[in-house]
Amino acid sequence: MAHVVPVKIDSSDPTREAKVGDSVVMRYRCTLEDGTLFDSAPVPSGYVVGSGALISGFDEAVLGLRPGQSRTVRLNGEQRFGKRREDLVFKMPRHNAPEGLAVGTAMKLRSGTVVVVKEITDDSVFVDANHPLAEKNLD
């Protein structure tokens, strides 16, 4: 669940509603479905509505709000970090992996892609390049 509270919109009119292109200073709190805190800005922080600086869904939550108003929204996993893609789970030869690798370890490939080790066999290392929160809902 994402709870957003705009504190200031770049206008001297306190009744002005937030729209795309506005600089908005806001507080927010995001939790996963199980209640785990995912992200928050208890101290007001700024961003430009529609700039893509925050995860998808925030813009829709802020649009139309006035300073001091709040809105709580549910953001599905696809809005946040995309769908989980099976083509991003793959195996690589064990001899190409660094020594001391363990299941659950994150590592950066030569391409710059960060992957998480899912399984290690004598010959292969199975890795997942999906974002760890892909398809997990903010509830």
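In the predicted model, the largest nonpolar core comprises 15 residues. Within this core, the residues with the most contacts are V24, M26, Y28, F58 and V62. Two or more residues each are contributed by strand 2 (23-31), strand 3 (37-48) and helix 1 (58-62). Strand 2 supplies the largest share, with 4 residues. A second core, separate from the first, contains 9 residues, including L101, V115, V125 and A129. In soluble globular proteins, nonpolar side chains tend to be buried together.

Two of the elements that contribute to the largest core, strand 2 and strand 3, are also paired with each other, in the antiparallel sense and over 8 bridges. The two strands form a hairpin in which 5 residues lie between them. In the turn of this hairpin, G35 has a positive phi of about 90°. Across the pair, T31 stands opposite L37 of strand 3.

The loop between strand 3 and helix 1 contains L54. This residue counts as partly exposed because its relative accessibility is 26%, whereas the limit for a buried residue is under 20%. Apart from residues up to four places away in sequence, L54 touches M26 and Y47. Of these two, M26 is listed among the residues with the most contacts inside the largest core.

At the level of the whole chain, the model has 2 helices and 10 strands. Along the sequence, these elements follow the pattern β-β-β-α-β-β-α-β-β-β-β-β. The chain has 139 residues, of which 32% count as buried. The exposed area is about 8200 Å², and carbon and sulfur atoms supply 50% of it. Among contacts with a separation of 6 or more, 55% are between residues 24 or more positions apart.

An open sheet of 4 strands is present, with the order 6-9-8-7 and antiparallel pairing. Its edges are formed by strand 6 (89-93) and strand 7 (106-108), each of which pairs on one side only. On average, and with direction ignored, neighbouring strands of the sheet are turned by 45° against each other. In a regular strand the side chains alternate between the two faces of the sheet.

Strand 9 (residues 124-128) pairs with strand 6 in the antiparallel sense over 5 bridges. In this pairing, V89 stands opposite D128 of strand 9, and K91 has F126 as its bridge partner in strand 9. Strand 9 is also joined to strand 8, by 4 bridges and again antiparallel. Here the bridge partner of V117 in strand 9 is V127. Strand 8 and strand 9 are connected as a hairpin through 3 residues. Strand 9 is mostly covered, with 4 of its 5 residues buried.

Two residues illustrate the surroundings of these strands. V89 is located in strand 6, which is an edge strand of the sheet. With a relative accessibility of 30%, V89 counts as partly exposed. Leaving aside neighbours within four places in sequence, V89 is in contact with R84, V127, D128 and N130. One of these contacts, D128, is the residue that V89 stands opposite in strand 9. V89 and F126 are 37 residues apart along the chain, and their C-alpha atoms are separated by 7.2 Å.

L109 lies in the loop between strand 7 and strand 8 (114-120). With neighbours within four places in sequence left aside, L109 is in contact with F90, M92 and V115. Of these, V115 is included in the second core. L109 and A97 are separated by 12 residues in sequence, and the distance between their C-alpha atoms is 9.3 Å.

The predictor's confidence varies between elements. The mean pLDDT of the chain is 83, and 86% of the residues score at least 70. Among the elements, the lowest mean pLDDT, 64, belongs to strand 1 (residues 2-9). The highest, 94, belongs to strand 9, the strand that is paired with strand 6 and joined to strand 8.

Key
Residues numbered from 1 in each chain as written. Predicted model: local features only at pLDDT ≥ 70, side-chain atom pairs only at ≥ 80, totals over all residues. Heavy atoms only, no water. Core = buried A, V, L, I, M, F, W, Y, C linked by side-chain atoms within 4.5 Å. Buried < 20%, exposed > 50% of the residue type's maximum accessible area, 1.4 Å probe, protein only. Pairing = 2+ DSSP bridges. Axes fitted to C-alpha atoms, helices over the stretch in contact; angles between N-to-C directions. pLDDT = per-residue confidence, 0-100. Contact = heavy atoms within 4.5 Å. Areas by Shrake-Rupley, 256 points an atom, 1.4 Å probe, with all protein chains shown as cover.
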